Amino acid sequence: MRGSDNHDDRKAKIDHHKEDQLRKQKEGKGHWKKELSSNSEAAVKADRGEITNAEEDIAALQKETEQAANSDKK
């Protein structure tokens, strides 16, 4: 069941980011969202130097890694 819970959680996060992106686009504040991109899209953006806030991205990655490590322990 753990795999299914992880899948449901990931789907909920993706749906949240999709809704947020659509809302911001309607407001004229749309932007690229790393959360909705593939790994290769994110890598290309990083290679081009198009990452706007690297410190926040690093902190978010560290938090995701910590959460993944903690969920594996359960």
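Here is a short chat about the fold, one histidine and the largest pocket of this predicted model.

Colleague: Glad to be looking at this one with you! What pattern does the chain follow, read along the sequence?

Modeller: Happy to help. The secondary structure comes to 3 helices and 0 strands. Read along the sequence, that gives the pattern α-α-α.

Colleague: What radius of gyration does the chain have, set against a compact globule of 74 residues?

Modeller: The C-alpha trace spans about 40 × 25 × 20 Å along its principal axes. A compact globule of 74 residues would come out near 11 Å, whereas the radius of gyration of this chain is 14 Å.

Colleague: Is histidine 17 buried or exposed?

Modeller: Histidine 17 sits in helix H1, residues 2-26. Leaving aside neighbours within four places in sequence, it touches Lys33, Glu35 and Leu36. Its relative accessible area is 18%, and the cut-off for buried is under 20%, so histidine 17 counts as buried.

Colleague: Nice. Which helix gives the most to the lining of the largest pocket?

Modeller: That pocket has a volume of about 1400 Å³. H1, H2 (39-47) and H3 (54-73) each supply at least two residues of its lining. The top contributor, with 12 residues, is H3.

Colleague: And how many charged residues are in that lining?

Modeller: The largest pocket is lined by 38 residues, with Arg10, Lys34, Glu35, Ala60 and Glu64 nearest its centre. By class, the lining has 10 nonpolar and 10 polar residues, and the number of charged ones is 18.

Methods:
Residues are numbered from 1 along each chain as its sequence is written. This is a predicted model: local features need pLDDT of at least 70, side-chain atom pairs count only at pLDDT 80 or more; totals for chains, interfaces and linings use all residues. Side-chain values use heavy atoms; hydrogens and water are left out. Helices (H or I, at least four residues) and strands (E, at least two) are DSSP runs, numbered from the N terminus. Buried means under 20% relative accessible area, exposed over 50%, partly exposed in between (1.4 Å probe, protein chains only). Contact means heavy atoms within 4.5 Å. On a 1 Å grid over the protein atoms alone, a cavity is a set of points where a 1.4 Å probe fits but cannot get out, and a pocket is an open set with protein on both sides within 12 Å along at least five of seven lines; lining residues have an atom within 4 Å of a point. Grid points are joined across faces, edges and corners, and a volume is the space filled by probe spheres set on the points. Ala, Val, Leu, Ile, Met, Phe, Trp, Tyr, Cys and Pro count as nonpolar, Asp, Glu, Lys and Arg as charged, and the others, Gly among them, as polar. The radius of gyration is taken over C-alpha atoms; the globule rule is 2.2 Å times the number of residues to the power 0.38.
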